[in-house]
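New notebook page. I want to look up the fold first, then the packing inside it.

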Amino acid sequence: PVTGLRKGPKESYLPTLQALPGRVEFTYLPPNAQEVLLLPVTRPEGMSGDDGDGQYYAVVLGGDTAKSFAPRDIAWCKEIASWIGDLV
């Protein structure tokens, strides 16, 4: 579960992670991560948005090259996040 994630179906793409002062928030990423893509896991209609504890889930993807996620890659990752939402 991810806490502090904003509600909604919008992804967050940080293409130049090294330039951000908030990099310390991503301590679980490898030190050479240059970018990060955060995708909220959405659940099917009729299911609660959280797991009962007020926590939401997200797919967090890191890359070792800055600005390497193309729009097609982001769309593909959104589909994977949706598929995961069907499972949780």
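How many helices and strands does the secondary structure of the chain come to? I get one helix and three strands. Worth keeping in mind as I go: this is a predicted model.

Next I read along the sequence to get the order of elements. The pattern is β-β-β-α.

Then I checked the contacts between residues at least 6 apart in sequence. Of these, 61% join residues at least 24 apart.

On to burial and surface. The chain has 88 residues, and 25% of them are buried. I have the accessible surface down as about 5900 Å², with 57% of that belonging to carbon and sulfur atoms.

Which residues make up the largest nonpolar core? I list eight: Leu37, Leu39, Val41, Val59, Phe69, Ile74, Cys77 and Ala81. I also asked which elements give two or more residues to this core, and those are strand E2 (35-40) and helix H1 (71-87). H1 gives the most, with three residues.

There is another core, lying apart from that one. This other core has six residues, and I noted Leu17, Leu29, Val36 and Leu38 among them.

Last, I picked Ile74 out of the largest core for a closer look. What does Ile74 touch, not counting residues up to four places away in sequence? My list reads Glu11, Tyr13, Leu37 and Phe69. Two of these partners, Leu37 and Phe69, are also on my list for the largest core.

Terms used. Residues numbered from 1 in each chain as written. Predicted model: local features only at pLDDT ≥ 70, side-chain atom pairs only at ≥ 80, totals over all residues. Heavy atoms only, no water. Helix = DSSP H or I, 4+ residues; strand = E, 2+ residues; numbered from the N terminus. Buried < 20%, exposed > 50% of the residue type's maximum accessible area, 1.4 Å probe, protein only. Contact = heavy atoms within 4.5 Å. Areas by Shrake-Rupley, 256 points an atom, 1.4 Å probe, with all protein chains shown as cover. Core = buried A, V, L, I, M, F, W, Y, C linked by side-chain atoms within 4.5 Å.
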